[in-house]
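Q: I would like to learn how to read backbone and whole-chain features from a model. Can we work through one?

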Amino acid sequence: MHGEYKVPGGKLVVVDLDVEGGVLRNVRVAGDFFLEPDEAILAIDAALEGAPAGTPAAGLTARIDAALPAATVMFGLTSEGVAVAVRRALAHATEWGDYDWQLIHEQPQSPALHMALDEVITAEVAAGRRSPTLRVWEWASPAVIIGSFQSLRNEVDPAGAARHGVTVVRRISGGGAMFVEPGNTITYSLSVPDSLVSGLSFADSYAYLDDWVLGALGDMGIKAWYQPLNDIATDVGKIAGAAQKRVVGQGGGPGAVLHHVTMSYDIDADKMVEVLRIGREKLSDKGTGSARKRVDPLRRQTGLPRQAVIARMIESFRDRHGLTVGKVTQDEQVRAEELVRTKFGTAEWTARVP
């Protein structure tokens, strides 16, 4: 069995092992990390040898920590990262390079259609009819996207939304409300087989699926990191928020994960707090007089036009994992439009949590 895991902000950990009689055998840990002293790698292998195959990641981590020589130094590696790689090996997890990734980056769409396309495309990946997909969104109008379980009245000021022509839609994933305007945000979705995150905790899957974009930001000179549970931050503020939805496969078969991220490029923060009620409460709690102190747009950090930032992100993904230009199929478009009519464009769905 073979498992790989790139430690967030660190290096790749590779584990090869067998399972005999319900325990781990022939464990071999490798990777491009740094580790001192040399014998520490043998101690890690020995700590895992004979462990029950059902040991959770926390238990494997404890075995490794107890076996490491005194004054062990790890760089780009953690005991937990090794444990996760073991769990991924046991779960027969797949890797980024196992797939032919497809890019969808098309004309601006309505907010409700974006919600529907996320559901349809992820269902297609779960059914095996579509390869894993990176979809970069373009917005036809300003919008507030509230999380699946958020209260509409608690999150949105209807008068402010109407005054600024903001459409309110509800997505299928949890998490908080996002304020977007055409040209001022960068939004993308990853629709991936659930085997890509096998062996990862829910929290670890966020970091794992965000890792490529941290690399892309680094290529543009932005030092960014994953901030649990679902934020991407820099030393001068949060720049993005992520959300996920797990989709069950047909007949209980393999499923898929929808992971989408909205990044601040040049947000009109004063308008945002006129539309989002929760924004005012957060500012009040922190004694902050202006929302602008809580937003750090990518425009200021990169000095690049929005489309140039998107182009560099796409190129970074392509360099790391490969990427072929694709499109929404006619069948997917028809199904998404039907979902707009019956679900995402309806008052019943948007106000399902009043």
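A: Start with the element names: helices and strands are DSSP runs, numbered from the N terminus. The model is predicted, and its chain has 13 helices and 16 strands.

Q: How does the radius of gyration of the chain compare with the globule rule?
A: The chain has a radius of gyration of 22 Å, close to the 20 Å that the rule gives for 354 residues, so it is as compact as a globular protein of that length. Along the principal axes, its C-alpha atoms fill a box of roughly 65 × 50 × 35 Å. Buried residues account for 53% of the 354.

Q: Which peptide bonds should I look at for cis geometry?
A: The bond from Glu 36 to Pro 37 is cis, with omega near -5°. Pro 37 sits in the loop between strand S4 (34-36) and helix H1 (40-48). The bond from Pro 228 to Leu 229 is also cis, with omega near 0°. Here Leu 229 is in the loop between strand S12 (224-227) and strand S13 (231-234).

Q: Where is phi positive in a residue other than glycine?
A: Asn 26 has phi near 55° and belongs to strand S3 (residues 23-31). Ala 71 has phi near 65° and lies in the loop between helix H2 (57-67) and strand S5 (73-75).

Q: Is Ala 71 buried or exposed?
A: Exposed means over 50% relative accessible area. Ala 71 has 71%, so it is exposed. Asn 26, at 37%, counts as partly exposed.

Definitions and conventions: Residues numbered from 1 in each chain as written. Predicted model: local features only at pLDDT ≥ 70, side-chain atom pairs only at ≥ 80, totals over all residues. Heavy atoms only, no water. Helix = DSSP H or I, 4+ residues; strand = E, 2+ residues; numbered from the N terminus. Rg over C-alpha atoms; globule rule 2.2 N^0.38 Å. Buried < 20%, exposed > 50% of the residue type's maximum accessible area, 1.4 Å probe, protein only.
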